[in-house]
Amino acid sequence: MQWHGILRLDVFCGLRNLPEEIPRNAAALPTLSEVLELQALAPARLLIDGTSRTLYTPRMSSETDLVAALRRYWGYDSFRPLQERIVRSLLEGHDICVVMPTGGGKSLCYQLPAAMLFGKTAIVISPLIALMQDQVAQLAQMGIAAALLNSSLAGDQQSVVMRKACEGQYRLLYLSPERLARADTVSWLQRVPISFFAIDEAHCISEWGHEFRPEYRQLSCLRLHFPDSPIAAFTASATRRVRHDIIDQLRLRNPHKYIASFRRPNLRYVVKECDGRMQSSLLVRALRKYSGSNVIVYAPTIARVEGTVDFLEEQGIPAIAYHGKMDARTRRRNQERWMSDEVRVLVGTIAFGLGINKAAVRAVIHLSLPKSIEQYYQEAGRAGRDGLPADCLLLWQKRDAGLLAHFVEQITDPAEKQRAWQRYRAIRRFAESKSCRHRQICSHFGENPKWASCGACDVCVSEPEWLSKPADVERPKRRRSASLAAGPVRPRRPESEEKGVAADVDPELREYLREWRRATAKQQGVPAYVVMHDSSLEELCRIRPGSLSELLRVSGFGERKAELYGQQILDALGQFRNGARATVVPEKKPRPAEETIRLLAEGRTLDEIAEIRGRQRATVVSMVADLVEQGDLQFQPGLVDYEKQVSIEAACARLGLERLKPLKEALPPEITFEEIRLVVARLRRQQKHQ
Ligand SMILES: [Zn+2]
C-alpha cells in the first residue's frame, strides 16, 4: 500500500509543514489501523513533487467528529456549555484562557483535543500530585495514553516515561510546575512532539489571586522556550484582575477567552450566623436531613475537625476526619472511604478537596467564615457537581471574623496585607449583606447578572424550614441501646425537600452496585469514581441494561470502559435479579466518649489515648474535660500534677470559673491550658452540685 507512509506522515505533521517535517522516528507513529479508527479521515487530492496523490486528512473541525470522540472516550452524548468551543480553539492551535467554575467540566476541555491530536503530547501543568495521579488513572480507564512524571517515580521509571514521551507515545503528560522549571526538563521537552501546554489552576500564577504559588511564576518562561506551542490557561476562579495577570504572565498571544458563568443554579446558598451551641445543633439537623447522601463539612482547625467528628459519632452519625497533620496513609484511606461511600460525612480542614472529583455531593457545610469569596466558592462548589440540587450552608460565628482579622494583622508584607483586607471585607459583606448570594458571587468575579432574583438562596427565597426552627441543643446521648449505634448508612427514601437524591432508583440495587464498585476499585488500586461516577451508577440503576449495547447508552460508558467492566456489570445486575444483596458489615466502632472512658479506666495516659484514637492530644483533653464537667466521668487526680491542681484551684477561687484566659495569665507559664481546662471542669461540676 503505497499511500500508507504518506498517510502516516500527513497525520503526524497535521498537514501544515508536510515537505519539511519528515518524521525520523517511525516507531513513534500510530499504526494505520489506529489512525483510521481514531480519526475520521477524508480523502483529499494534493500535488506533491508534481504528482497528484490522494491524502487522507483528518477532519478535526467537524462537529460529528468531536461528538464521536466524546462518545467514544467519555461515553457522553453532548458537551456542556462552552466545552465544544474551547476544544475547537485548541485544535485550531490558539492560545486560550478559560475561567470555568468547578463542576463545569474543565479537564475535558484539554483532554479531548489532546486525545484527538494523535502522535502529539499535551503537557499538563498541575500543582497537585494526587490530582494528577487520579487523572492519569481515569484517562487509562478511558483508553487514552497518559503519564505523570514526578519525583515519586523511581529513577528508571522516570527515564522510561521520558523516553516514551520523546517517541510521542502519550496523548497527555502531567508535570508539576517545579519540574517544568528545571533546565534539564526544558531540554528534554524540546524533543517531545508537543501539541499544546495546559496550565491547570492558572490563578496560582497571580499574587492577586487567593492561592499564589511562587513556583507558578516560572511558567512565564514557557513562551520563551516553546515559542510555537499553544498555551491554554485554565482556572476555576479568577477575578478580572487575576485574569489579566494570567494572560500577561504566561504571555498568551491573542488568546481566545472563555468565561463560564459563576452562577451554579443547582446550588442553594444558605448563610447563617450562630453561636457555638446553635451551630452544633444545626449541623446535626442538617446531616440528618442529608442522611444517605455525601456531605463535606469544613472546620477551621484540626482540633475542630476532630472534635466535630467525635461529636457527630456521639450523635450516631458516622463521620471521618481529614486534615494536614494526619499521616499520609490515614489521610488517603479516609478520603478513599468517603469517596467510595463507606462513610458519607467527611469533616475536613481546607486541606481537603483539591482535586476531589466526586460528583454527587449533596451538601457542603462550613463551620466558620472562609478567608475569601474565592475560597468559599471553590469549597462550596464541590457540592452538586452532578448538576442535581445541592445545598451550601455557611454556619458562621462572629468570633471567626475576629480570628480572620487577627491573622490579617500578622501579615508583614504591606501589599499582601492590603489584599488580605480586601478579601476579608468581601467575605464579610457576603455573609452579612441581605442581597442575593448568587448575585454577590457573580459580581465578585466580574459578571454582570441580568437577573434580579436567583430563586435559590436564603435571601431570595427563605432558608429551609428545618433550619429556621428554634435551635434545641441535643446533648450527646450516651449509653444508648446498641441498636442505635452507628451502623452502615442505610439508603433512605428521600423526603420531599431532599431533591437531588434520585427517587426512582431502587436503593438496594444502588447499594449493591456501589459494593461492586468498591471491590473493583480496590482490586485496581484506583479511587471508586475512576471506575464509575455516581451519576453513571444512578443511571445504571434506572436503565438496568441487559446487553453491552444497552450499557453503551448509559452516560459515562465509553467504549473502553464498557470493554473493561461491561460483562462484570451485566453479571452483577443478573445476580441482583436473582436475589443477591449488598453485604455491608456494620463497623463495630465504640462511641468516642465510651472508648475514652474505657481507656482511662485501663490506666492509659492522655497521650496514649490520643495515639490509639488517632486524635491530637488537645482533642482528647477537651473531650475528657467535657465528660468530667457533664458528670459522665470522675476526675482522675493523676491527670494533673497535685501541686499544679492546688495553684489552679487557688486562681479559680480569685478569678472565677467563667473564662480560662485570665486564669492562664495569672498562673505560672509551666501550667498549661490543658491542665487548667481539666481542673476547671472538675470545679464547674462541683459548683453545679452545690
Ligand atoms: Zn438569590
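Two strands count as paired when DSSP finds at least two bridges between them. With that in mind, this predicted model has an open sheet of 6 strands in the order 10-15-14-11-13-12, and the pairing is parallel. At its edges sit strand 10 (267-273) and strand 12 (319-322), each of which pairs on one side only. Neighbouring strands in this sheet are turned by 15° against each other on average, direction ignored.

Let's look inside that sheet. Strand 11 (residues 294-298) and strand 14 (residues 361-366) run parallel and are joined by 5 bridges. If you want a spot to find by eye, go to Tyr298, which stands opposite His366 in strand 14.

There's another sheet to look at. Here 7 strands form an open sheet, ordered 5-6-4-7-8-3-9, with parallel pairing. Strand 5 (146-149) and strand 9 (256-259) are at the edges with a single partner strand each, so one side of each has no neighbour in the sheet. On average, neighbouring strands of this sheet are turned by 15° against each other, direction ignored. Strand 5 pairs with strand 6 (residues 172-175) in the parallel sense, over 4 bridges. In this pair, Ala147 stands opposite Leu173 in strand 6.

Here are the two strand pairs side by side.

| Strand pair | Sense | Bridges | Residues opposite each other |
|---|---|---|---|
| Strand 5 and strand 6 | parallel | 4 bridges | Ala147 and Leu173 |
| Strand 11 and strand 14 | parallel | 5 bridges | Tyr298 and His366 |

Now for the helices that lie across these strands. Helix 4 (residues 83-91) lies across strand 3 (96-99), strand 7 (194-199), strand 8 (231-235) and strand 9, and runs at about 160° to strand 3. Helix 13 (residues 302-314) lies across strand 11, strand 12 and strand 13 (345-348), running at about 175° to strand 12.

Helix 13 also has a helix for company: helix 13 and helix 27 (residues 617-630) pack at an angle of about 45°, and their axes are 9 Å apart. Why call the two oblique? Angles under 35 degrees count as roughly parallel and 65 to 115 as roughly perpendicular, and the pair's angle of about 45° therefore makes helix 13 and helix 27 oblique to each other. Their crossing is right-handed. On the helix 13 side the contact is made by Ala303, Glu306, Gly307 and Asp310, and on the helix 27 side by Ala618, Thr619, Ser622 and Met623. Sorted by class, the contact of helix 13 with helix 27 has 3 nonpolar, 3 polar and 2 charged residues.

Notes: Residues numbered from 1 in each chain as written. Predicted model: local features only at pLDDT ≥ 70, side-chain atom pairs only at ≥ 80, totals over all residues. Helix = DSSP H or I, 4+ residues; strand = E, 2+ residues; numbered from the N terminus. Axes fitted to C-alpha atoms, helices over the stretch in contact; angles between N-to-C directions. Contact = placed C-beta atoms within 7 Å. Parallel < 35°, antiparallel > 145°, perpendicular 65-115°, else oblique. Left-handed = near helix turned anticlockwise from the far one by under 90°. Nonpolar A, V, L, I, M, F, W, Y, C, P; charged D, E, K, R; others polar.
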